[in-house]
Structures are given as C-alpha cells and as structure tokens.
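Biologist: I am new to this structure. Please walk me through the terms and show me how each label is earned.

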Amino acid sequence: MHMHVISSVVTITDTSPASAVRTPQPAEQKWTPRLWGVLAVLCAVLFLDGLDVSMVGVALPSIGAELGLSTTALQWIVNGYVLGYGGLLLLGGRTADLLGRRRVFLTALAVFAVASLVGGLVDDGALLIVTRFVKGLAAAFTAPTAMSILTTTFHEGPARNRALSVFSVFGASGYSSGLILGGLLTSFGWRWTFLTPVPLALLALVAGIALIPRDRPAAGGGHDLIGAVTLTSGMLLAVYTVVSAPERGWLDPLTVGSIVLAVALLAGFVITENRVAHPLIRLGILRIGPIVRANLSIVALFGSYLSFQFMMTLYLQDVLGWSPLKMALALLPAGLLVAVGSPFVGRLIDRYGTPRLILASMTSLSLGYAWFLATAGSTPHYAFTVLPTMLLLGGGFAFGFSSIMSQATDGIDDSEQGLASGLVQTSGQVGAALVLAAVTALVAGGSHTGTGGGTDFGQFDPGVNLVTGVAVVGLLLNVVPLLRGLRARQIA
C-alpha cells in the first residue's frame, strides 16, 4: 500500500506493518514552499495549544473569584482539558490513520474553535469545565494528527529533527505569548482568554484546507471504541478519586469503591487491547525500551511542570496579590528559553542522540525543583529562587520535548505513526493530570489559598516535594540505561 503526501516533490511511501524493509528515502529532503506552508499550519495548532494552556493558567484566580470556585474546582478547568485531551489521543491517532489525516485534522480544529467560543460565553463553573473537556477532546484529534502529518511528511533523520525543532519553537512561543497575553487580557476580563483563540483557530482552519494535501484512508482496520471508553472513564475516575479523597477520607466507602472501579476499568482496557482485532494500543510497541522510556520521560516533563505552574500561579496571585501580568512576566523566562533553545535541538539530536539529550532534560528539571526547595523558605525571593528555577525548567523543556518526541516515533512504520505519536502525547497528558490531581490534593489538604493571610509558601511545600520526586524518577529512568551501556562497552 502506498500513500503519497504533500506534492510531487515529497513522496512518502507507507509500507505495511509486515514489511521488514522501508522504501529507501532520499539523503536530503527538499523543503518546498508548500512543505513550509504545511509545517506552518501544524505549528499554528501547537501554538494555539500552548497559548490556550498558559492563558487559562494565568486566568485561574480571576475565574475562581468571579464564579466562586475552590482550588479543587479550579484544577478541573486544567484537568478537564487535559483528561479530554489525553483520554482520546490514542483514538485520535488511530482515527487519523484510518480515515485520513487531513479530514480528521480539519474537523477537529473546527470543533476546537467552537468549543473556545462557547467557553468564553458561559456563566457557570460546571459548564465551563464541560467546555474545557470538549475542547480537550478536539485537541485529542488535532494533536496526534498534526504529529502524524509531520512525521510522515518529513523523512526520518535530519529533516524530521529540523521540523520537530521548528514545531517545538512554536509550542514554546505559544506558551510564552499566552503568559503575556493572558496577563493583559485577564486585566480586562478572564473571558477574553477563552475567546482569543477563536479567530486564530479559524485562520489555521482556512490555511489547512488550502495547504494540507488530501490523503487516502487506510485500506482496512477499525476503531476500538470499547478501549477508548474504558481508558477515558478509568482515568477520569482515578483523577476524581485522588482529588476528592483527602476531603472525604481514603477509607470512605465511596473512595474505596471509586478506586476499585477505576482499577477495574483500566484493567478492562488492557484486556480489551489483547483481544480486539484492531486495538487502540498495539501492546507490542511497549516492548521497545527507548519508546517506553520516552513515554515515561514525558510524564515527568509535563506532570512536574504543569503542577509547578499551577502552584506558582495560585501563590503569586492569591497569596502575594500580584497582578496577572506581573505573575505572567515572572514565569515567562522558561518559555523564552524554550523558544530560543529549541531551534538548535535538532542538530544536537543528530550529533549526540536522543538518550543523552533526554538525560540532560531530566537533570535540568530535577536541579530546578531541588534549587527551589533548597532556597525558597517561607517566602521565595524572585531573583534568587524563582528566576533560576524557571531558567532550569526552561532548559529542561528545550532539551526534552523534541528529543522525547523524536525517540518516541523513531523506527516506527508510517502506518503506525499515528499510534506512536498519540501514545507519547497520551502519556504526557495523562501523567500531567494524575500528578496535578495529587498535587492539588496535597495543597488542598493543608491550608487553602486566597485567605489573604501572610505570604507563607509552606502550604505548597508538599506539592513541590512531589513534583521534585517525579522529575528525579524521570532522571533515574534515563541515567540507568546509559550507565549500563557504558559498562557493557567497557567490558567488551
């Protein structure tokens, strides 16, 4: 089976999974104007994702004040999106492989725009969370499809690494822009942080219709709806249980029942994947060590940082009383460092390989959180504590994102690129949701923010301890294989 993508200049051959040898690719891929245009559309979608996440993060305290939402409820505005996103990412990637990447990408982008519009108009906290969940569902189809289009359009090697570096720059730029724009817009009203992505999404939709070539759906295959339902519902229930258990009690019958049901649903997902004809996850892919490490590394990357940003947003605005713009500027250095550093990561991958760069990423993250813990005290000083931490976290992202994405998809047949890209993004989003849920439970289990009493950071210390531990685990997962490899070469 052959699938021709982009233009007459760029032809991608899609071999069947049974084929042991890929069709040889040209040594160097020519970057035509249309190829750049396709990359620009894909980057615009990633830019929107980064923009949306950071703008909403800045607006959380204002949303909570106007709609009367607690810290626990506010985390659902983040996790509603994250779980909708992570819960159907694998189905999104598989759908793109089966129905055609262009069709799925454009349809989901239209839904994303509509959900953004509705989110900016609602007046009820529960409805706002629902719109965030729907928006996450739409992103669950745009994100893996965009990655699938990218990885099947750009040849594995220097061309793909270069494209991934550009892709990462736009994600970082979206995040950085969202911090500043979110700070400015929240000053006029938090609703503008929801409405602003609408025209940008529509522009990307029009450009996508014009530039992304039509592709043919797979000749065969099917959807694993049972797997999608059990995975999404199991994750939602697990996060809800972690968030609600501290208030209700871990031994409360409802808590215990929720834990049992969540485990049963997730176990049902694994059983389903072993039995259905067209599984959401081909479990054999999880036997590939570098891919497993890439998926676990992105859990450490996304899970630790998203949770740290959540805590810093609440502390700087609710406890210290900073304005949204001042808070955004305080967190901006991390995003700027990613935007500046990401263009060079592709060349670093070619020279040093992904394992070493991922190790550098995990080291930078771990040092950042450790520095914060060692120097923060009861009232963190910005120049001495917060700024160095944000720079180290930005370095972690700069080295980590492109390297992890590259390692997670390297060596995977084009027919399973949607699966591989969806799997790594699912790991990141689900990991982020679970870590954020645990951090929220720890913070809410202590004292509540927003009381206006003092400037003590102590209530957030358990959460920072947890994200530090998550980053250190990510570091150990990557350093051990490298040390084993060095020892094996020395023995040989």
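Modeller: A salt bridge is a side-chain nitrogen of Lys or Arg within 4 Å of a carboxyl oxygen of Asp or Glu. The model is predicted: local features need pLDDT of at least 70, side-chain atom pairs count only at pLDDT 80 or more, and totals for chains, interfaces and linings use all residues. Residues are numbered from 1 along each chain as its sequence is written, and side-chain values use heavy atoms, with hydrogens and water left out.

Biologist: What makes Asp52 and Lys135 a salt bridge?

Modeller: Their side chains meet at 2.5 Å, N to O. The cut-off is 4 Å, so the pair qualifies. The two partners are 83 residues apart, with Asp52 in helix H1 and Lys135 in helix H5. Helices here are DSSP runs (H or I, at least four residues; strands are E, at least two), numbered from the N terminus.

Biologist: Why is Asp52 called buried or exposed?

Modeller: Buried means under 20% relative accessible area, exposed over 50%, and partly exposed in between (1.4 Å probe, protein chains only). Asp52 has 0% relative accessibility, so Asp52 counts as buried. Lys135 has a relative accessible area of 1%, so Lys135 is buried too.

Biologist: Which side chain does Asp52 meet at 2.7 Å, N to O?

Modeller: That of Arg132, in another salt bridge. Asp52 lies in helix H1 (residues 33–67) and Arg132 in helix H5 (residues 125–153), so the pair ties together parts that are 80 residues apart in sequence. Arg132 is buried, as is Asp52.

Biologist: How many salt bridges does the structure hold?

Modeller: There are 4. One of them joins Asp123 to Arg191, with the closest N and O atoms 2.4 Å apart. Asp123 sits in the loop between H4 and H5, and Arg191 in helix H7 (residues 191–195), 68 residues away.

Biologist: Why is Asp123 called buried or exposed?

Modeller: Asp123 has a relative accessible area of 61%, so Asp123 is exposed. As for shared partners, salt bridges join Asp52, Arg132 and Lys135 into one network.

Biologist: What makes Leu117 partly exposed?

Modeller: Its relative accessibility is 40%, so Leu117 falls in the partly exposed class. Leu117 lies in helix H4 (residues 101–119).

Biologist: Where does Leu286 lie, and how do you know its exposure class?

Modeller: Leu286 lies in the loop between helix H10 (253–275) and helix H11 (289–319). Its relative accessible area is 40%, so Leu286 is partly exposed. Leaving aside neighbours within four places in sequence, Leu286 is in contact (heavy atoms within 4.5 Å) with Val292 and Leu423. The C-alpha atoms of Leu286 and Leu423 are separated by 9.9 Å, while the two residues are 137 apart along the chain.

Biologist: How do you know how far helix H15 reaches against its expected span?

Modeller: The expected span is 1.5 Å times one less than the number of residues. H15 (residues 382–409) has 28 residues and reaches 39 Å from first C-alpha to last, close to the 40 Å expected.

Biologist: What makes H15 mostly covered?

Modeller: Of its 28 residues, 20 are buried.

Biologist: Where does H15 bend?

Modeller: At Gly400, by about 30°. The bend is the angle between axes fitted to the seven residues ending there and the seven starting there. Just after H15, Gly411 takes a positive phi of about 80°.

Biologist: What does the secondary structure come to?

Modeller: The protein has 17 helices and 0 strands. Buried residues make up 57% of its 492 residues.
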